[in-house]
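I opened the notebook to record what I looked up in this structure, going from the whole chain down to single residues.

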Amino acid sequence: MNHPHRPEGVDLAARSRSRRRALQAIYAWQVGGNRMIQVIEQFRHEQDMEIADLEYFEDLLRGVEKNLAELDAGIRAHIDREIAEVDPIERAVMRIAAYELRHRPDVPYRVIINEALEVTKRFGADQGHTYVNGVLDKLAGEWRAVEYREKSRRS
């Protein structure tokens, strides 16, 4: 049976693993200062990438790098400090989710936010997910206004 919001052939578990690996890669990129292509190569050679959606993983990384100024500007509008002062895990999560909100309309915004909250709960600070949720919810209302309003009306 087809799920109404799932594109044909998308393995959601593999996508979740891709987001977790992308978080680790973006984190490494932020702190290590390596070029994104080097980070992608490093992660591509790890065994557990075989169980992730490698194409989606690379799209997230390249998308964050290519659109960093736009993503950070969107995030900055909804935070109370400079982006560099945000916890590096939360910053990486928000950058990935912002990329998906802005450039992956095939993924429902609620899926993006839920996935971001799950990885933040797993890898971030104790109440980090609350902060991330507040920022991403505002960003979704802005960047996915039509979809956001439709969901709000139905809820």
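The entries below take the overall fold, two helices, a cavity and three single residues in turn.

**Entry: the whole chain.** I am working from a predicted model, and I began with its secondary structure, which comes to eight helices and zero strands, so that reading along the sequence gives the pattern α-α-α-α-α-α-α-α. I then looked up burial and found that 45% of the 155 residues in the protein are buried. For the surface, I noted about 8,500 Å² exposed, of which carbon and sulfur atoms supply 48%. When I took the contacts between residues at least 6 apart in sequence, 71% of them turned out to join residues at least 24 apart.

**Entry: helix α1.** I looked up α1 next, which covers 12-32, and noted that its 21 residues reach 29 Å from the first C-alpha to the last, close to the 30 Å expected at 1.5 Å a residue. Its buried residues include Arg15, Arg19 and Arg21, along with Ala22, Leu23, Ile26 and Trp29, among others. Against which helices do the buried residues of α1 pack? I found α2 (36-44), α3 (54-66), α4 (68-76), α5 and α6 as their partners.

**Entry: helix α6.** This helix runs over residues 109-123, and its 15 residues reach 21 Å between the first and last C-alpha, close to the 21 Å expected at 1.5 Å a residue. I listed the buried residues of α6 as Tyr109, Ile112, Ile113, Glu115, Ala116, Leu117, Val119 and Thr120.

**Entry: the cavity.** I asked how many cavities of 30 Å³ or more the model holds, and the count comes to one. About 70 Å³ of space lies in the largest cavity. I wrote down its lining as Arg19, Leu23, Val93, Ile96, Ala97, Glu100, Ile112, Glu115, Ala116 and Val119, and noted that α1, α5 (88-103) and α6 each supply at least two of the lining residues. By residue class, the lining divides into seven nonpolar, no polar and three charged. Of the lining residues, Arg19 and Leu23 are also on my list of buried residues for α1, while Ile112, Glu115, Ala116 and Val119 are on the one for α6.

**Entry: arginine 95.** I placed arginine 95 in helix α5 and asked whether to enter it as buried or exposed. I entered arginine 95 as buried, because its relative accessible area is 7%, and buried means under 20%. Leaving aside its neighbours within four places in sequence, I found arginine 95 in contact with Trp29, Gln30, Val64, Leu68, Leu71, Asp72, Ile75 and Ile83; of these, Trp29 and Gln30 are among the buried residues of α1.

**Entry: histidine 103.** Histidine 103 is also found in helix α5, but I entered it as partly exposed because its relative accessible area is 31%. Not counting residues up to four places away in sequence, histidine 103 touches Asn67 and Glu70. I also noted the C-alpha separation of histidine 103 and asparagine 67, which is 9.4 Å for two residues 36 apart along the chain.

**Entry: lysine 138.** I found lysine 138 in helix α7, residues 128-143, and entered it as partly exposed because its relative accessibility is 48%, and exposed would need a value over 50%. The C-alpha atoms of lysine 138 and alanine 77 are separated by 9.4 Å, although the two residues are 61 apart along the chain.

Conventions
Residues are numbered from 1 along each chain as its sequence is written. This is a predicted model: local features need pLDDT of at least 70, side-chain atom pairs count only at pLDDT 80 or more; totals for chains, interfaces and linings use all residues. Side-chain values use heavy atoms; hydrogens and water are left out. Helices (H or I, at least four residues) and strands (E, at least two) are DSSP runs, numbered from the N terminus. The expected span of a helix is 1.5 Å times one less than its number of residues. Buried means under 20% relative accessible area, exposed over 50%, partly exposed in between (1.4 Å probe, protein chains only). On a 1 Å grid over the protein atoms alone, a cavity is a set of points where a 1.4 Å probe fits but cannot get out, and a pocket is an open set with protein on both sides within 12 Å along at least five of seven lines; lining residues have an atom within 4 Å of a point. Grid points are joined across faces, edges and corners, and a volume is the space filled by probe spheres set on the points. Ala, Val, Leu, Ile, Met, Phe, Trp, Tyr, Cys and Pro count as nonpolar, Asp, Glu, Lys and Arg as charged, and the others, Gly among them, as polar. Contact means heavy atoms within 4.5 Å. Accessible areas come from the Shrake-Rupley method with a 1.4 Å probe; for residues, only the protein chains shown count as cover.
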